[in-house]
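Q: Please take a close look at the strand pairing in this structure, and set it in the context of the chain as a whole. A formal and connected account would be welcome.

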Amino acid sequence: MSFVKGLRCRECGELYPKQALHVCELCFGPLEVVYDYEKIKKSISRDVIAQRGKGMWRYKELLPIDGEPAVGIDSGFTPLVRAQNLAKTLGIKELYIKNDTVNHPTFSFKDRVVSVAISKAKELGFDTVACASTGNLANSVAANAAACGLKSYVFIPSNLEQAKVVNTQIYGANVVGIKGNYDEVNRLCSEIAGKYHWAFVNINIRPYYAEGSKTLALEVAEQLGWHAPQNIVVPMASGSLLTKVYKGFRELYELGLLSSMETKIYGAQATGCSPISAAVKERQELFKPVIPKTIAKSLAIGNPADGFYAIETINKTHGWAEDVSDDEVIEGIKLLSETEGIFAETAGGVTVGVAKKLVEEGRLPRNESVVLLITGNGLKTQEVLINRIDQLMVIPARLDAFDEVFREKERAKSK
Ligand SMILES: *Cc1c(COP(=O)(O)O)cnc(C)c1O
């Protein structure tokens, strides 16, 4: 049973039937999935959801496929951690980490969007899926395509982190490294998409793909006992996730599953690629594209497809945006690891660093509930920590050698 009415242009409102299409043929505006909320209301309730499997498909009425998902049954429903130690350090009363570093199967938030995109691609009859990626999307497309027997072509900037390349190739995907940054890869992919009849998850399938991001908001609300948080900090690459977090909370409110929805949404970027946060801070409605230069490669999109809507969403919800230097990204990764035992990739360092900065600036209220979306796993971006953590201490396999080390550690501590 489907609850999807079709696709609608976000600019001119033109309606289209369900198909692999992402821009309006009249005005070139982006298309978005429209649902029949009256029908959904009759099929969904807090109790019905509570009885379903612990994955993102527990909200299937709000996801745009007609049948059962082809992949990603176990994706989503990651822990929402009450972060007492980090809260104390940042000076926030009620802080939570939404921990997508442990998402399934490839340890990032992208497993949510790909589960939807590939399931939809199968429904639409494609035999090959493809994507342009900053890394995590590549991993997830390759793994999920393998799991459901589709062919995949994955296009990445050739200078990605080694783990992100290996974690794509291992699944047997056709991986193509492009000499250029993500924006150049994406431009090439638009041309390829026009010529080859493939399901490009972030091009012709993008309206469906993007809906998967909503599940982060849906889960956070359910895990908070069906309350939307007062504040949420969201990392931004294309800006899509941020806009869909809003859509997710909004839909729950419209369906009567939330009694209020006053969440302020904050965007986080690395200063070396901060077109969206720069525009918010300068109170501009439009962003200026940039050439990315940051260690936060998963967020390095200089010409963000949903940048305009991300700015609009941040302003509409009375949120704000900030950006942090690469050094602050590293500090953020360390801080989260040392306080909460969660090892995030560079995007997580961006989110934690930005949250800290927003608190210091008085933008993020200390006495309200705050959720940080931690979207990727630190094991994939280990090279940024080379020379940034202590050298491994190596000793002979003798007790007296360790006694010496122990005495030194205790001395250092008492200083
Ligand atoms: C893709 C990605 C995001 C957000 O991407 P959007 O394009 O803004 O939706 C955030 N964090 C990580 C780790 C990602 O890979």
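A: A residue is called buried when its relative accessible area is under 20%, exposed when it is over 50%, and partly exposed in between, with a 1.4 Å probe and only protein chains considered. By this criterion, 57% of the 415 residues in the chain are buried. The model is a predicted one, in which local features need pLDDT of at least 70 and side-chain atom pairs count only at pLDDT 80 or more, while totals for chains, interfaces and linings use all residues. Residues are numbered from 1 along each chain as its sequence is written, and side-chain values use heavy atoms, with hydrogens and water left out.

The chain contains 15 helices and 13 strands; these are DSSP runs numbered from the N terminus, with helices being H or I of at least four residues and strands being E of at least two. Two strands are said to pair if DSSP finds at least two bridges between them.

Strand β13, residues 369-374, is the natural place to begin. It is mostly covered, as six of its six residues are buried. S369, V371 and L373 point one way from β13, whereas V370, L372 and I374 point the other way, and all of them are buried. Strand β5 (residues 94-99) runs parallel to β13 and is joined to it by six bridges; within this pairing, K98 stands opposite L373. Strand β10 (residues 231-235) is likewise parallel to β13, here with three bridges, and V233 has L372 as its bridge partner. The two matched residues of β13 belong to opposite sets, L373 pointing one way and L372 the other.

A further parallel pairing involves strand β11 (residues 264-270) and β12, which are linked by four bridges. In this pair A268 faces E322 of β12. Strand β12 covers residues 321-324, with A321 and D323 directed one way and E322 and V324 the other, and all four are buried. The bridged residue E322 therefore belongs to the buried class, under 20% in relative accessible area.

An antiparallel arrangement is found among three other strands, which form an open sheet in the order β2-β1-β3. Strands β2 (15-16) and β3 (31-35) stand at its edges with a single partner strand each, so one side of each lacks a neighbour in the sheet. Strand β1 (residues 4-9) is joined to β3 by five bridges, and R8 has E32 as its bridge partner in β3.

The loops that adjoin β5 and β10 also merit description. Most residues other than glycine have a negative phi, and most peptide bonds are trans. In the loop between β5 and α4 (110-123), where P105 is placed, a cis peptide bond joins H104 and P105, with omega about 5°. F107 lies in the loop between β5 and α4 as well and has a positive phi near 65°; at 41% relative accessibility, F107 counts as partly exposed. In the loop between α9 (214-223) and β10, W226 also has a positive phi, near 60°, but W226 is buried at 9% relative accessibility.

Beyond the strands, two residues illustrate the buried and exposed classes. T168, in helix α6 (residues 162-169), is buried with a relative accessible area of 0%. Contact here means heavy atoms within 4.5 Å. Leaving aside neighbours within four places in sequence, T168 is in contact with A138, N139, A142, V154, A173 and V175. K54, by contrast, is exposed at 59% and occupies the loop between α2 (46-50) and β4 (80-82). Not counting residues up to four places away in sequence, K54 touches G76 and F77.

Finally, the whole chain gives the setting for these parts. Among contacts with a separation of 6 or more, 69% are between residues 24 or more positions apart. The radius of gyration, taken over C-alpha atoms, is compared with a globule rule of 2.2 Å times the number of residues to the power 0.38. For 415 residues a compact globule would have a value near 22 Å, and the 21 Å of the chain agrees with this. Along the principal axes, the C-alpha atoms fill a box of roughly 75 × 45 × 45 Å.
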